[in-house]
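Subject: Structure for you to look at

Dear colleague,

I am passing on the structure below, and I would be glad if you could open it beside this message while you read. My notes on what was found in it follow directly after.

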Amino acid sequence: MTRRRIVLLACALAVAPFALGGDATDSILKSAKLATVLIKGRETYFGQSSGSGFVMRKDGNTLYVATNAHVVDDPGDAAPTVVFRSGQKDEISLPGKVVALDRDRDLAILKVTASGPVSVIPLSPKARIKETSPIYVLGFPFGQMLSVTAGNPSITVAKGAVSSIRKDEGGKVARIQIDATVNPGNSGGPV
């Protein structure tokens, strides 16, 4: 896949909601939590920069992680570290490589080589959304500041709803407004 096609695919997937309801919600959230990753960047005066991301595709031992470009797009950054199951006893930290970057859409795709079981974010491009549809925001807001140990922070899940669906002049969905809490560090995580 070309860089542009990967980024456009990520853009479409990032806004595709997954259907939630009943027992399916617990199963989907469990899988989504396992697919959500902490992304650690360079050391700064304020500590290590970080953000969130999610596994969007698995091809053998190669994983593709979607995140925001501003999480990994810094000329001084070395390869970002991708942390799976952050804050858990079985967490794994692996180097990631930026393989696609779209600054205009603020999207990036990282490539990570991993063995063992890994979850891919469950997406349903056919899900229908409307105002008041429930949504969940997963990620690592405030990064290391919310860790209660010397290790990496555990995932945070916030619940909200779709508050507005904004359409362009052609009647296509241009933006989806949500009312869930999103903080620094949630950047790149799934909604």
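Strand 9 and strand 10 form a hairpin with five residues between them, and in its turn Gly171 has a positive phi of about 85°. Strands here, like helices, are DSSP runs numbered from the N terminus, with at least two residues (E) for a strand and at least four (H or I) for a helix. This is a predicted model, in which local features need pLDDT of at least 70 and side-chain atom pairs count only at pLDDT 80 or more, whereas totals for chains, interfaces and linings use all residues. Residues are numbered from 1 along each chain as its sequence is written, and side-chain values use heavy atoms, with hydrogens and water left out.

The two arms of the hairpin, strand 9 and strand 10, pair in the antiparallel sense over five bridges, where pairing requires that DSSP finds at least two bridges between two strands. One of the residues involved is Arg166, whose bridge partner in strand 10 is Arg175. On the other side of the pairing scheme, strand 8 is joined by six bridges to strand 9 (residues 156-167), and these two also run antiparallel; here Tyr136 has Lys159 in strand 9 as its bridge partner. Together they give an open sheet of three strands in the order 8-9-10 with antiparallel pairing. Strand 8 (134-139) and strand 10 (173-178) stand at the edges and each have a single partner strand, so one side of each is left without a neighbour in the sheet. From one strand to the next the twist averages 45°, an angle taken between N-to-C directions on a scale from 0 to 180 degrees, with axes that are lines fitted to C-alpha atoms (for helices, over the stretch in contact).

Is Ser164, a residue of strand 9, buried or exposed? Ser164 counts as buried because its relative accessibility is 13%, and buried means under 20% relative accessible area, exposed over 50% and partly exposed in between (1.4 Å probe, protein chains only). Leaving aside residues up to four places away in sequence, Ser164 touches Glu131, Arg175, Ile176 and Gln177, a contact being heavy atoms within 4.5 Å.

The loop between strand 8 and strand 9 holds Asn152, which counts as buried at 9% relative accessibility. Its side chain is joined to that of Lys40 by a polar contact of 2.9 Å, and a polar contact of 2.9 Å also joins the side chains of Asn152 and Glu91. (A polar contact is a pair of N or O atoms within 3.5 Å; within protein, one must be able to donate a hydrogen and the other to accept it, and residues adjacent in sequence count only if both atoms are side-chain atoms.)

Turning to the nonpolar interior, the largest nonpolar core has 14 residues, of which Val37, Ile39, Val65, Val82, Phe84 and Val112 touch the most other members. Such a core is a set of buried Ala, Val, Leu, Ile, Met, Phe, Trp, Tyr and Cys residues joined through side-chain atoms within 4.5 Å. At least two residues of this core come from each of strand 1 (36-44), strand 3 (62-67), helix 3 (69-72), strand 4 (81-84) and strand 7 (107-113), and strand 7 supplies the largest share, three residues. Apart from this core lies another, of 13 residues, among them Leu29, Ala35, Met56 and Ile121.

Two loop residues deserve a look at their backbone. Arg85, in the loop between strand 4 and strand 5, has a positive phi near 55° although it is a residue other than glycine, and it counts as partly exposed at 22% relative accessibility. Thr132, in the loop between strand 7 and strand 8, likewise is not a glycine and has a positive phi, near 80°; Thr132 is exposed, with a relative accessible area of 60%.

For the chain as a whole, there are three helices and ten strands, and 40% of the 191 residues count as buried. Of the contacts with a separation of 6 or more, 62% are between residues 24 or more positions apart.

With best wishes
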